[in-house]
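Trainee: I have a structure to go through. Can we take it by question and answer?

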Amino acid sequence: MKPFEQVQVEIQTTLEKIARANNAIARHEQEENVDELAVQQFKDFKKQLTEQLLELLQQMDIKFEVAA
């Protein structure tokens, strides 16, 4: 099991990456010629980050369900 502080840092880093992915998605969707491939890649990346975040939260004994 990872030390509490390390998990906290990883959670914060993951949240920051999710925020950057959200910004990238919004930026690409606002372009005149939307790059659908880029948007989908960022959405996939965000999904991976969200799954990583859920795993980190479980390590801190925080459990919840996410609606699909």
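What follows is a run of short questions on a predicted model.

Trainee: Which residues form the largest nonpolar core?
Mentor: Start with a general tendency. In soluble globular proteins, nonpolar side chains tend to be buried together. Here the largest nonpolar core has seven residues. They are V7, I11, I18, L49, L53, L56 and L57.

Trainee: Which helix gives the most to this core?
Mentor: The core of V7, I11, I18, L49, L53, L56 and L57 draws at least two residues from each of α1 and α2. The top contributor supplies four residues. That helix is α2.

Trainee: What does L53 touch, leaving aside its neighbours within four places in sequence?
Mentor: L53 belongs to the largest nonpolar core. L53 is also among the buried residues of α2. Its contacts beyond those neighbours are I11, T14, L15 and I18.

Trainee: Against which helix do the buried residues of α2 pack?
Mentor: List them before placing them. In α2, A38, V39, L49, L53, L56 and L57 are buried. Their packing partner is α1.

Trainee: How far does α2 reach from its first C-alpha to its last?
Mentor: Count residues, then compare with expectation. α2 has 24 residues. At 1.5 Å a residue, 34 Å is expected, and the computed reach is close to that. The value is 35 Å.

Trainee: Is H28 buried or exposed?
Mentor: H28 sits in helix α1, which covers residues 4-30. Not counting residues up to four places away in sequence, H28 touches V34, D35, A38, V39 and F42. Its relative accessibility is 14%, under the 20% cut-off. H28 therefore counts as buried.

Trainee: How far apart in space are A26 and Q41, C-alpha to C-alpha?
Mentor: A26 is in helix α1. Its relative accessible area is 32%, so A26 is partly exposed. In sequence, A26 and Q41 are 15 residues apart. In space, the C-alpha to C-alpha distance is 13 Å.

Trainee: How many salt bridges are there?
Mentor: Side chains of opposite charge can pair when their charged atoms come close. K43 and E29 meet in one salt bridge, at 3.7 Å, N to O. D61 and K63 meet in another, at 3.0 Å. The count is two.

Trainee: Which salt bridge links distant parts of the chain?
Mentor: Look at the helices. K43 is in helix α2 and E29 in helix α1, 14 residues apart. K43 counts as partly exposed because its relative accessibility is 39%. E29 is partly exposed too, at 41%. The pair is K43 and E29.

Trainee: Which residue after α2 has a positive phi?
Mentor: Most residues other than glycine have a negative phi, and most peptide bonds are trans. The residue in question is not a glycine, yet its phi is about 65°. Its relative accessible area is 57%, so it is exposed. The residue is D61.

Trainee: Are D61 and K63 buried or exposed?
Mentor: D61 is found in the segment after α2. Its side chain meets that of K63 in a salt bridge. Both residues are exposed.

Trainee: Which residues make the nonpolar surface patch?
Mentor: One member, I62, is found in the segment after α2. I62 is partly exposed because its relative accessible area is 37%. The patch covers about 280 Å². Its residues are I62, F64 and V66.

Conventions
Residues are numbered from 1 along each chain as its sequence is written. This is a predicted model: local features need pLDDT of at least 70, side-chain atom pairs count only at pLDDT 80 or more; totals for chains, interfaces and linings use all residues. Side-chain values use heavy atoms; hydrogens and water are left out. Buried means under 20% relative accessible area, exposed over 50%, partly exposed in between (1.4 Å probe, protein chains only). Contact means heavy atoms within 4.5 Å. A nonpolar core is a set of buried Ala, Val, Leu, Ile, Met, Phe, Trp, Tyr and Cys residues joined through side-chain atoms within 4.5 Å. The expected span of a helix is 1.5 Å times one less than its number of residues. Patches are made of residues with over 30% relative accessible area and no salt bridge: like charges are joined within 9 Å, nonpolar side chains (Val, Leu, Ile, Met, Phe, Trp, Tyr) within 5 Å. Accessible areas come from the Shrake-Rupley method with a 1.4 Å probe; for residues, only the protein chains shown count as cover. A salt bridge is a side-chain nitrogen of Lys or Arg within 4 Å of a carboxyl oxygen of Asp or Glu.
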